[in-house]
Amino acid sequence: MTGRLVVGAAIVEDGRLLAAQRSAPPELRGGWEFPGGKVDPGEDERAALVRECVEELGVDIVVSHRVGGDWPLPNGGVMRVWLAGLAAGVPRPIEHLALRWLEPHELYDVAWLPADLPVVAEIETLLPG
């Protein structure tokens, strides 16, 4: 893999998916994404995802299984998304403009970033209703 590895958390609670609204950089501000971030050199992907959720949302998560394979990013990097559940805490938008819990029929009510949109379609098949 040549680009940077990014991990995202598809946090599902009570059949709802958590979406996070970007605050930065300016070209992505306002778009919706899965919480997560870059994997540091030598860091385990799952550990990076747990760390990022503590930093961005103030919650501990339990990481389940990966959703799909490697999802390409516009900058040449790759995103890997994992299903997750909350272990402790209530998500807060520490590094985001807003958070929103989306019911299955609301998955497309937010303006997902283009890189996240195909992952949403994959997750849609995993949610009830």
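**Strand S1, two cores and the salt bridges**

Good morning. Strand S1 is mostly covered, with seven of its nine residues buried. Please keep in mind that the model before you is a predicted one.

I shall begin with the partners of this strand. With S6, strand S1 runs parallel, and seven bridges join the two. One position to find on the screen is Ile-11, which stands opposite Ala-84 in S6. The pairing with strand S4, residues 36–38, is antiparallel and has three bridges. There, Gly-8 has Gly-36 of S4 as its bridge partner. S2 also pairs with S1 in the antiparallel sense, over two bridges, and Val-12 has Leu-17 in S2 as its bridge partner.

How many residues lie between S1 and S2 in their hairpin? There are two, and Asp-14 in the turn has a positive phi of about 50 degrees.

Let us turn to the interior. In soluble globular proteins, nonpolar side chains tend to be buried together. The largest nonpolar core of this model has 21 residues. Which of them touch the most other members? They are Ala-10, Leu-17, Phe-34, Val-81, Trp-112, Val-119 and Ile-123. At least two residues of this core come from each of the following elements: strand S1 (5–13), strand S2 (16–22), strand S5 (60–72), strand S6 (78–88) and helix H2 (117–124).

Phe-34 deserves a moment of your attention. Setting aside neighbours within four places in sequence, Phe-34 is in contact with Gly-8, Ala-9, Ala-10 and Leu-17, and also with Trp-112, Asp-116, Val-119, Val-120 and Ile-123. Apart from the largest core lies another, of 16 residues, which includes Ile-11, Val-39, Ala-48 and Leu-57.

My last topic is charge. Side chains of opposite charge can pair when their charged atoms come close. In this model the count of salt bridges comes to 11. One of them joins the side chains of Arg-80 and Asp-70, at 2.6 Å from N to O. This pair links distant parts of the chain, for Arg-80 is in strand S6 and Asp-70 is in strand S5, 10 residues apart.

Is Arg-80 buried or exposed? Residues under 20% relative accessible area are classed as buried, and Arg-80 has 15%, so Arg-80 counts as buried. Its partner Asp-70 has a relative accessible area of 42% and is therefore partly exposed.

Arg-100 takes part in two of the salt bridges I wish to show. In one, the side chain of Arg-100 meets that of Glu-106, at 4.0 Å from N to O. In the other, the partner is Asp-109, with the closest N and O atoms 3.9 Å apart. As for accessibility, Glu-106 is buried, because its relative accessible area is 18%. Arg-100, at 30%, is partly exposed, and Asp-109, at 48%, also counts as partly exposed. Elsewhere, salt bridges that share partners join six residues into one network: Arg-4, Asp-40, Glu-43, Arg-51, Glu-52 and Glu-55.

To close, I return to strand S1. Its bridges lead to S6, to S4 and to S2, and S1 is among the elements that supply at least two residues of the largest core. Thank you for your attention.

Terms used. Residues are numbered from 1 along each chain as its sequence is written. This is a predicted model: local features need pLDDT of at least 70, side-chain atom pairs count only at pLDDT 80 or more; totals for chains, interfaces and linings use all residues. Side-chain values use heavy atoms; hydrogens and water are left out. A nonpolar core is a set of buried Ala, Val, Leu, Ile, Met, Phe, Trp, Tyr and Cys residues joined through side-chain atoms within 4.5 Å. Buried means under 20% relative accessible area, exposed over 50%, partly exposed in between (1.4 Å probe, protein chains only). Helices (H or I, at least four residues) and strands (E, at least two) are DSSP runs, numbered from the N terminus. Contact means heavy atoms within 4.5 Å. Two strands pair if DSSP finds at least two bridges between them.
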